[in-house]
Every structure is written in C-alpha cells, then in structure tokens.
Amino acid sequence: MGIRAKSNFDRSRTIWTPEMDRYFIDLMLEQLNKGNRFDDHVFSKTAWMNMNSSFNERFKFEYEMDVLKNRHKTLRNLYKAVKNLLNQKGFNWDSTRQMVIAENKIWDEYIKVNPDVRPYRVKTIPYYDDLGIIYGDNSARKKECANKGTVEAVHEIVVVDDCISLRQEVEDTTETTLNATTNPLYSRTRTYWQPPMDRFFIDLMLEQLQNGNQIDGVFCKEAWKEMIASFNAKFGFNYDVDILKNRYKTLRRQYNVIKNLLQLDGFTWDDDRQMVIADDSVWQDYIKVCIYM
C-alpha cells in the first residue's frame, strides 16, 4: 500500500513502495511495447491516461497524472545517475546483487569529489535493467519487454513511531558526532541504510552475542568498538559508533512492532518470503489506523 502524507507545508507527498514502483515500471514497459511513446522518451497523452487509470485502480488511489509523471522523472534521474557512475573507470554492475560495485579505494576517491553518490555504494536497484529499456537509447529498447508479468504485491516494512510504514528506502536521521561523513554546517546527518548494510550489521551482532559480549540485551563497550571498526572497514565509511547504536534501536523497535503485528488477527509470517503477509483489506484497515494516530 502507498501512503499520502502531509508535510509541514500541508502539501501531500506520495511514499512510493517497491510494489508501486514495480507496477508503474511494468505499465511503462507495456505502453512502450504498444508504441505509445515518442523517440524523445515522452509518453503520449493516451499512455499517461491509461497508466494513471490502471495505477489508481490497482492501488485504490485517486491520484492525478502528475504523481506518475513526477515518479517518471525521479526514476529517470536514478537511471542517469547509475549509468553515469558505470561509465566511470573501475565501476561495474553486479547483476546478482543488482548494485554498482567497485574497489573501496575507487569508491573513496570518487565520493570525495562526488559526495552525492555515496548512497549508491550500498544501494540495490532491482529494476535497473528495465529502466534501461525505458530511458536508454534505441538499441537498448530493442530488448524484449512484451513478456513482463504482473508482480506479486510485496510490502516492505519500516517502523515509524510504533506504526508500520511502507517505504522503498530506509533512512535513519540521527544525532551524531561530526566527522568525515557529516556536513559541518549541520548537527544532524541522514544515513541511508540498505539491505547489505543491515545484513552485515546483524551478522556482527550475532557474532558478538556468540562471543558472550552482550549482557541482559546490552552490548559491552568493546563489542561496539569492534562492530563499528568492522562496519567502517567493510563499507568504507568513517562513522561514529552512535550510527550503529541508533540502527540497533531502530531494528529492535521494528522487531517489537512486527512481533505485535503478528499477534493481530489476519497477519501471519511467510517463512519462504521472510515477510508479514495479510489480505489487502487487512493491510488497508491497519494502515488507516496508523495514519491517523
């Protein structure tokens, strides 16, 4: 499910979920295959009307076409940013992990000059090949796209204020000690957590737990030192230990909320897909409660 949220300026914004992105991309591929787009990457008016109608019907929204058009621009910018990165010496595409890869020293040097690309160091982009068909050159668009099937709904769970929000990326906004990873003009920084980062951090905690370095649910000081050192070495960061401690709190809160969610009627755990599942009507009712709390 997607959520329309209001900001401090009373403007609505759309929180895009993986399911919504996947469905929108499939709609664009369908319209492209039907020839409803011009050579300058502009979809016809009819194409936009059809996509908007299908999108609203699928997710029970009443969005105007500008919502899809703005997402179209966002995805185009994402594709261009990754394509530009892959054009740099030393950067390659890992089709298995669906992400840009390079040696640590190459990342370090490039990020010094281009700090905005830091999130791509650990960012997974499962639909990059499809974006290449949509936004790439004519030769790339010759790739077969007629057989794209309907993707099953997948809800990515992110805990926000003890409710479940559905978002594509996870951001931790934390108070940190100023270091090489923060902007000295501000006292707050935002860490973009991606699946590889969470997986590695969880493995580090499991290792420390096995080594007996946790007492009554609290890791000892030495454990935190070892974990932050390993984490920074793995991803080429220079984070303060508070980054991991805040993520630890986020994961603990997420676990507690999911645990409570599974105690509610209609929610169950899917072992194969490693996710909470429920009928759409159950999700909608629960999310409505969260939105207005």
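Colleague: Let's start with a charge over a ring: over the face of which residue does Arg37 lie?

Modeller: This is a predicted model, and in it Arg37 is placed 5.7 Å from a ring centre. A charge counts as sitting over a ring when the distance is within 6 Å and the angle to the ring normal is within 35 degrees. The ring that Arg37 lies over belongs to Phe43.

Colleague: And over the ring of which residue does the charged end of Arg58 sit?

Modeller: Here the distance from the charged end of Arg58 to the ring centre is 6.0 Å. The ring in question is that of Tyr23.

Colleague: Which cluster do ring pairs build, and which residues does it link?

Modeller: The structure holds 26 aromatic pairs. Some of them join up into a cluster that takes in Phe43 and Tyr23, the rings that Arg37 and Arg58 lie over. The full cluster is Trp16, Tyr23, Phe24, Phe43, Trp48, Phe55, Phe59, Phe61 and Tyr63.

Colleague: Is the pair of Phe55 and Phe59 stacked, edge-to-face or tilted?

Modeller: Both residues lie in helix α2, 4 residues apart, about one turn of the helix. Their ring centres are 4.8 Å apart and their planes make an angle of 50 degrees. Stacked needs under 30 degrees and edge-to-face over 60, so this pair is tilted.

Colleague: Are Phe55 and Phe59 buried or exposed?

Modeller: The cut-off for buried is under 20% relative accessible area. Phe55 has 0%, and Phe59 has 2%. Both values fall under the cut-off, so Phe55 and Phe59 are buried.

Colleague: Why does the pair of Phe59 and Phe61 count as stacked?

Modeller: Phe61 is buried too, with a relative accessible area of 16%. The ring centres of Phe59 and Phe61 are 6.0 Å apart. The pair counts as stacked because the angle between the planes is 20 degrees.

Colleague: Which residues have the most contacts inside the largest nonpolar core?

Modeller: That core has 37 residues. Helices α1 (18–33), α2 (45–59), α3 (65–86), α4 (104–113) and α5 (128–135) each give two or more residues to it. Apart from it lies another core of 19 residues, with Val122, Phe201, Met205 and Phe235 among them. In the largest core, the residues with the most contacts are Phe24, Met28 and Phe55.

Colleague: Which residues does Phe24 contact, leaving aside neighbours within four places in sequence?

Modeller: Phe24 also belongs to the aromatic cluster, together with Trp16, Trp48 and Phe55, and these three are among its contacts. The full list is Trp16, Trp48, Met51, Phe55, Leu68, Arg71, His72 and Leu75.

Colleague: Now to the charged pairs: how many residues apart in sequence are the parts that Asp198 and Arg247 tie together?

Modeller: A search of the whole structure finds 10 salt bridges, and one of them joins Asp198 and Arg247 at 2.8 Å, N to O. Both partners are buried, Asp198 at 14% and Arg247 at 3% relative accessibility. Asp198 lies in helix α6 (residues 195–210) and Arg247 in helix α8 (residues 241–261), so the parts tied together are 49 residues apart.

Colleague: Is Lys34, which meets Glu30 in a salt bridge, buried or exposed?

Modeller: The N to O distance in this bridge is 3.3 Å, and Glu30 is partly exposed at 37%. Lys34 has a relative accessibility of 53%. Exposed means over 50%, so Lys34 is exposed.

Colleague: With which residue does Asp94 form a salt bridge?

Modeller: Asp94 is buried, with a relative accessible area of 14%, while its partner is partly exposed at 46%. The closest N and O atoms are 2.9 Å apart. That partner is Arg97.

Colleague: Which residues does Gln208 touch, not counting those up to four places away in sequence?

Modeller: Gln208 has its place in helix α6 and is buried at 3% relative accessibility. The residues it touches are Asn213, Gln214, Phe219, Ala223, Glu226 and Met227.

Colleague: Last one: over which residues does the pLDDT stay under 50 or below 50?

Modeller: The protein chain averages a pLDDT of 78, and 75% of the residues score at least 70. One stretch under 50 has 31 contacts beyond four places in sequence, and another has 30 contacts beyond near neighbours. These stretches are residues 1–11 and residues 173–189.

Conventions. Residues are numbered from 1 along each chain as its sequence is written. This is a predicted model: local features need pLDDT of at least 70, side-chain atom pairs count only at pLDDT 80 or more; totals for chains, interfaces and linings use all residues. Side-chain values use heavy atoms; hydrogens and water are left out. A nonpolar core is a set of buried Ala, Val, Leu, Ile, Met, Phe, Trp, Tyr and Cys residues joined through side-chain atoms within 4.5 Å. Buried means under 20% relative accessible area, exposed over 50%, partly exposed in between (1.4 Å probe, protein chains only). Contact means heavy atoms within 4.5 Å. Rings of Phe, Tyr and Trp (its six-membered ring) pair if their centres lie within 6.5 Å; planes under 30 degrees apart count as stacked, over 60 as edge-to-face and the rest as tilted. A salt bridge is a side-chain nitrogen of Lys or Arg within 4 Å of a carboxyl oxygen of Asp or Glu. pLDDT is the predictor's confidence in each residue, from 0 to 100.
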